Amino acid sequence: MANSSRKSEKLIELIMIACSLISVLTTLGIILVLSIDTIKFFAEVSFFDFITDTQWTPLFADKHFGILPLLAGTILTTIIATLVAVPVGISIAVYLNEYASKKFTATVKPILEILAAIPTVVYGFFALQFVTPLLQLLIPSLSGFNALSPGIVMGIMIIPYITSLSEDALRAVPKSLREASYGLGANKLQTAFKVMVPAASSGIIVSIILAISRALGETMIVAIAAGQQPNLTLNPLKSVETITTYIVQVSMGDVPQDSLEYRTIFAAGITLFAFTFILNNISFWIQKKYQNRYD
Amino acid sequence: MVQKNKSVKELNPEYKLESRNLNLFYGQKQALRDVSIKMSANTVTAFIGPSGCGKSTFLRCFNRMNDLIEGVKIDGDVLIDNVDIYKNEIDVYEYRKKVGMVFQKPNPFPKSIFENVAFGLRINGEKSKSYIEDTVEYALKQAALWEEVKDSLHKSAIAISGGQQQRLCIARAIAVKPSILLMDEPASALDPLSTTKIEELIHTLKDNYTIVIVTHNMQQAARISDKTAYFYMGELIEYDLTEKIFTNPSRIETENYITGRFG
Amino acid sequence: MVQKNKSVKELNPEYKLESRNLNLFYGQKQALRDVSIKMSANTVTAFIGPSGCGKSTFLRCFNRMNDLIEGVKIDGDVLIDNVDIYKNEIDVYEYRKKVGMVFQKPNPFPKSIFENVAFGLRINGEKSKSYIEDTVEYALKQAALWEEVKDSLHKSAIAISGGQQQRLCIARAIAVKPSILLMDEPASALDPLSTTKIEELIHTLKDNYTIVIVTHNMQQAARISDKTAYFYMGELIEYDLTEKIFTNPSRIETENYITGRFG
Amino acid sequence: MTRKPLFSIKMKDRIFRIYAIACTAFALIMLAVLLIDITIKGASRLDWSFFTNLPSRHPEESGIYTALAGMVALLLFTLIVALPIGILAGIYLQEYGTKNRLAKFVEINISNLAGVPSVIYGILGLQVFVRMAGLGNSILAGSLTLSLLIMPIIIVSTREAIKAVPDSLRQAALGLGATKWQTIRRIVLPASFGGIMTGIILSTSRAIGETAPLIVVGALAYVPFIPEGPLDQYTSLPIQIFNWTSRPQQGFIINAAAGIIVLLLFTFILNGIAIYLRNKWYKKTNL
Amino acid sequence: FKSYEGKINIDGSSTVYPLTEAVSEEFREIRPQIRVTVGVSGTGGGFKKFLRNEIDISNASRPISKSEIELSKQNNIGFIEIPVSYDGLAVVVSPKNTFVDYLTVEELHKMWSPESQRKITRWNQIRPEWPDAPLNLYGAGTSSGTYDYFTEAINGKAKASRGDYTASEDDNVLVQGVSTDVNGLAYFGLAYYTENKDKLKLVPIKVDQESEAIYPTDETVRTGTYQPLARPEFIYINVKSAEIPYIQEYVKFYLENAAALAEEIGSVALPSEVYKLSYERFKNLRTGSIFENKSIVGANLLNLLHEDAQ
Ligand SMILES: Nc1ncnc2c1ncn2[C@@H]1O[C@H](COP(=O)(O)OP(=O)(O)OP(=O)(O)O)[C@@H](O)[C@H]1O
Ligand SMILES: Nc1ncnc2c1ncn2[C@@H]1O[C@H](COP(=O)(O)OP(=O)(O)OP(=O)(O)O)[C@@H](O)[C@H]1O
Ligand SMILES: [Mg+2]
Ligand SMILES: [Mg+2]
Ligand SMILES: O=P([O-])([O-])[O-]
């Protein structure tokens, strides 16, 4: 009995380790799949050009392989989405948790989660046909295809990631902390931002990371509404192209698949991978540093 | 040693806290039944009674803490300084600052020890660093915790022992200098030495503060309170001078309860 | 009324619990210093001492509960029935079933009252519905909670009062019928009536169980324990028959601590 | 005396309340606009034949029969694979592996994976499942690819959900002699059910809407039959929608909108079940 | 699989997809026991699968490339190339644009050539009498066959294009873009113009200053009078599959019905002679591409097929 329960414990643990390792295998698989062609790519294109050239025109007669414009487009749209989603998403989470009635929260939270379920093609056309014309009323100089509109719409799409996960995290903070805060005369705002949010910081940060990751990986919205122009610019009023858009565009297009043109998507993919890797490491570092202090 | 409790003559004739025909429901369940009480300023009142009789619930009415629980219905009046605090115009936050509260379970914030005590000052918009530091030190000393934590003020409040945590919570409440202190079994997690200090603190404070304390410890009630209220099943059974309650209660239920316990 | 404590002659000569030169570190911080103690079977031992002195920490060593905290280093031996429980071959789970534990803060599971008590039986693979029901009733009665909850057995255990929660936790520990009971201030959240019942329960149980109880309440220690251990700053200062400790302690520190408190 | 701040504490609270209501309203209005827009465009095509017809070049005759069947099958296999693995991995990382290096490595890995664009999962699935494992253009290959895609969301939200379970509960269970696994299964998982459900809701939504990786691993556009097993060829509703949106005829655009309505209804129903369970649980545990 | 006699796996171009879908739909009526599936992974993706022997037929909106032919030889895969329809490319502007009456190939070149990047940015740089307004260009996504074809036809070299224009794989997006932009100009598949006539203004093309301005219509495209912006579309059949009876049946059916179905779905049928000659090719299992080493722009399919038959 004792022995068998010990054995099954061990077995379960092994199964769980195996499950966790699948994510490592996935990463390895991705790196492997990407690197084979990336290596072939860099046999023909110098790495230095790749990271310093300011033009990205692999599918033009005059070929340039500078990743910077795509990276700029990726960063720009992601930043816009984050600027929309983080303040709005967290405010909603706080509002639902601290201000609203239980009933309101129970209704609104799932409704907002629908936002994450709408196919991204829909968002793409929403950005192009609705948001862009609306923005043009405010900013006449805005071009029909730009980074701003898909960025905002992407932000709307990822709101539920932040709202739902953050609200769960806030909900998990022991009630006694909230009571302590109110007992000291703190109002809702102070209780929310001085006690609840810090106490739930780990979950909130995770929700933000997840949402940003989702924005980084998003394709269709940008493909439809940003104009697919690899401009090296951080001007949100201009048309841009992101790494993911480029990858989808080429991987589903007419480009022969054993060509240098096709291999660009692997080099671009690995760049995005490296970029998110660095980003994640930074946020992990911040999170750990913050957490270690009071857990 | 602790000074003697006040006799009826010494009691301030001014009523600081008052409830009138208070009924409280958690959804369907009635937790308080028609409770009316008047507590004088600058006195210590003890609430006693068996577990689940509504002591905590009643205490929390004076802080409108029950507002936070959904489905709570309150009926009747609660007055502080003769003002009905359940009236709409009342700014509940401003008002809670005048009423300090210490809870049954220690509930320090997941912040540093210093920040826990400074919290109340900061939310009041206090900016002066030296003032905050002085107040934190004062509050921690009052709560008999200063010596133990003065070298680790910036460490997490979560990593200290339960007793230390509870004293920290008392320090936190004291720091905002309220005029009323509600304490829900503040000493139930404390050892005798710390308890003595807290009890002494209560005695020091009661000249300027009105204190209500829930306790399971009859001796504690007897030692520190001027008046004692005995609750049973949501009802206020008897409320009188502590001396009277412990030596000569009018009601048989009170006597049974008190003597059910010895030494 | 509670029966008299055992005298030295009555104590079982068999040692149920023992520690030898136990040192425990939380990271850098030493919480226990060279603690050696032997506790007889079928006795009640009380651990007393000021807050933060290591009582809870030491108690948890007998349950290997400190294993769960990161950065804990343990040095020395802990024996139960003369078996070193920190040896590798020990099946810590099987073993924990023989050692019931009640914690300082009530920690009911977010399940129904019934399921809380039935939990220990279920994880032991108990399937018989009637046996489980009987045992739950038995345990709740023992913990003096049956009357209050018998009509709401399937309601959430989170919604009952603090005192009720703690008694529920005691019932939960009793339900698996352990031979050793470790209690970390089990009554600090209880009112006198419930406390009496629990104390009586402890007296009933001690004929068959070995009980260790941490308490801040000197009277409680005096009332219920056969032997008392006084801790200070992680050290075991004095360990003797309760009568002796409370009437004639050998060490001046113990005397100071005990008499620092009255009533 | 310190200078008086621009807004009093009370004002700030009011301002935030208004701002937060505005935020909530903003999100809800956006959602409403999207839904109304789609409904106006697509509702006219929503009749029974839309559900029972095979794909056709005539928009008004074209239906989603096979696409819907393919999507259901795809989702079913995806969840069967991803849920247990994702939840177990989440548990392992939170409950077992906090100390070791492996766990830290895996942790960073997972947030990386959440940011990998979905096409790249498609490329991986193509190499590993379609080609190396020889699964071809099958539902299984598609499901496995989607599983990898949504696993990070499940793992991360599972971890956060169990992290929130107080230690005192674990100690209580362990103190009663429960093994680590028993503690997890009987206490930790039930207590974190709500959070795990949120993860499932978000990840299912993600899996339902994906197009690009499925096209890469060989989901087809024209499949005039229902898949009969996990190794069969398939199409899926989002692919059908994607295909329709890029056709020139207005009729197909209407079809696409109608398809989106169905897709959303499908998501609602699934989410509805999950949300119902979550709310029931919120109530039960009285959190 | 119980009731099925055989399977035909088709994949590839999204441009050819509607035609193949229509053919398969009709084929299902007469041969319900044959399971035909069609995927859309782009011409490049289709060829990739085709050259790994994963599919029977590949849809292509451009002829097979040199490197792909190379690979087919390496992998020992024979293919039969069959043109199935024309895709006319329409050049359009916003209906609010009143001044554009026609455009010459020369002018289009001026707009789109790589040298014009950041230099030719206003309408009056194309023709001085046109207003001094910004010239906003919309065009095919750079990974599409349309892009390759347009650049070759207008700029003389495939992929030679300016980069500062709004690109999209999805022609509906381009329609949306140019229809609301008074200063816009776009090119995309003719069918997208036909379906959005009310939102767009079609621009006739002159091959040179002297010739007539031609509007793209089914007729002008099929007969080759609309030059140079019409490109043929193909299916490629694996030789081994071509030996299977039901696939032979399918291809025969395809060529018999392509003309009628092409009209229906909005692309342009080839001259009937081309279908006839193509079927001959197929029956004879004639492998290889008629475009090997030849430009596709302005190519006369009929001549090429005749040449090849010799
Ligand atoms: N998890 C931990 N990490 C680090 N230090 C700890 C931890 N738990 C307890 N300590 C420290 O170890 C010492 C002993 O703590 P313990 O909880 O055993 O005290 P105690 O005697 O039970 O006190 P109390 O009566 O207040 O419960 C204290 O100084 C405390 O701060
Ligand atoms: N949030 C709540 N929802 C529903 N019922 C509650 C809630 N809080 C308390 N109760 C019930 O109200 C009654 C009074 O509870 P209260 O906590 O005031 O008792 P108490 O006298 O403080 O007990 P203790 O001494 O155990 O703390 C109890 O029966 C309890 O079960
Ligand atoms: Mg209470
Ligand atoms: Mg302790
Ligand atoms: O899908 P296409 O290859 O025709 O662009």
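Which of the 19 residues around ligand 2 come nearest? Keep that in mind while you set up the view.

This is a predicted model, in which local features need pLDDT of at least 70 and side-chain atom pairs count only at pLDDT 80 or more, while totals for chains, interfaces and linings use all residues. Residues are numbered from 1 along each chain as its sequence is written, chains are lettered from A and ligands numbered from 1 in the order in which they are written, and side-chain values use heavy atoms, with hydrogens and water left out.

**Stop 1: ligand 2**

Select ligand 2 and you'll find it between chains B and C. Now show the residues around it (a heavy atom within 4 Å of the ligand). The nearest are B:Ser51, B:Gly52, B:Ser56, B:Thr57 and C:Gly163.

Next, pick out the polar partners, using pairs of N or O atoms within 3.5 Å; within protein, one atom must be able to donate a hydrogen and the other to accept it, and residues adjacent in sequence count only if both atoms are side-chain atoms. Click on B:Lys29: an N or O atom of its side chain is 3.0 Å from an oxygen atom of ligand 2. B:His216 also uses a polar side-chain atom, 3.0 Å from a ligand 2 oxygen. With B:Lys55, look at the backbone instead, where an N or O atom sits 3.0 Å from an oxygen of ligand 2. Alone, ligand 2 exposes 630 Å², and the protein buries 85% of that (Shrake-Rupley areas with a 1.4 Å probe; for residues, only the protein chains shown count as cover).

**Stop 2: chains D and E**

Hide the ligand and select chains D and E. Here 34 residues of chain E are in contact with 26 residues of chain D, contact being heavy atoms within 4.5 Å. About 2700 Å² is buried between these two chains, 45% of it from carbon and sulfur atoms; buried area is the accessible area (1.4 Å probe) that two parts lose on being put together, summed over both. On the chain E side, colour E:Glu21, E:Glu25 and E:Arg28, which lose the most area to chain D, together 19% of what that side buries.

There are 6 salt bridges between chain E and chain D (a side-chain nitrogen of Lys or Arg within 4 Å of a carboxyl oxygen of Asp or Glu). For one to zoom in on, try D:Arg57 with E:Glu26, at 2.8 Å from N to O. The interface also holds 19 residue pairs in polar contact, both residues at pLDDT 80 or more.

**Stop 3: step back**

Show every chain again. Of the 8 pairs of chains in contact, A and D share the most contacts. Chains B and E don't touch, with their closest C-alpha atoms 51 Å apart. Chains C and E don't either, and there the nearest C-alpha atoms are 47 Å apart.

**Stop 4: inside chain A**

Finally, isolate chain A and colour domain 1 (2-44) and domain 2 (68-290), bounds that come from an automatic or database domain assignment. Their centres, taken over C-alpha atoms, are 28 Å apart. The contact takes 11 residues from domain 1 and 8 residues from domain 2. Between them the domains bury about 980 Å², 79% of it on carbon and sulfur atoms. In domain 1, select A:Leu34, A:Asp37 and A:Phe41: they lose the most area to domain 2, together 50% of what that side buries.

The two domains share 2 salt bridges. End on A:Arg263 and A:Glu44, a salt bridge whose closest N and O atoms are 3.6 Å apart.
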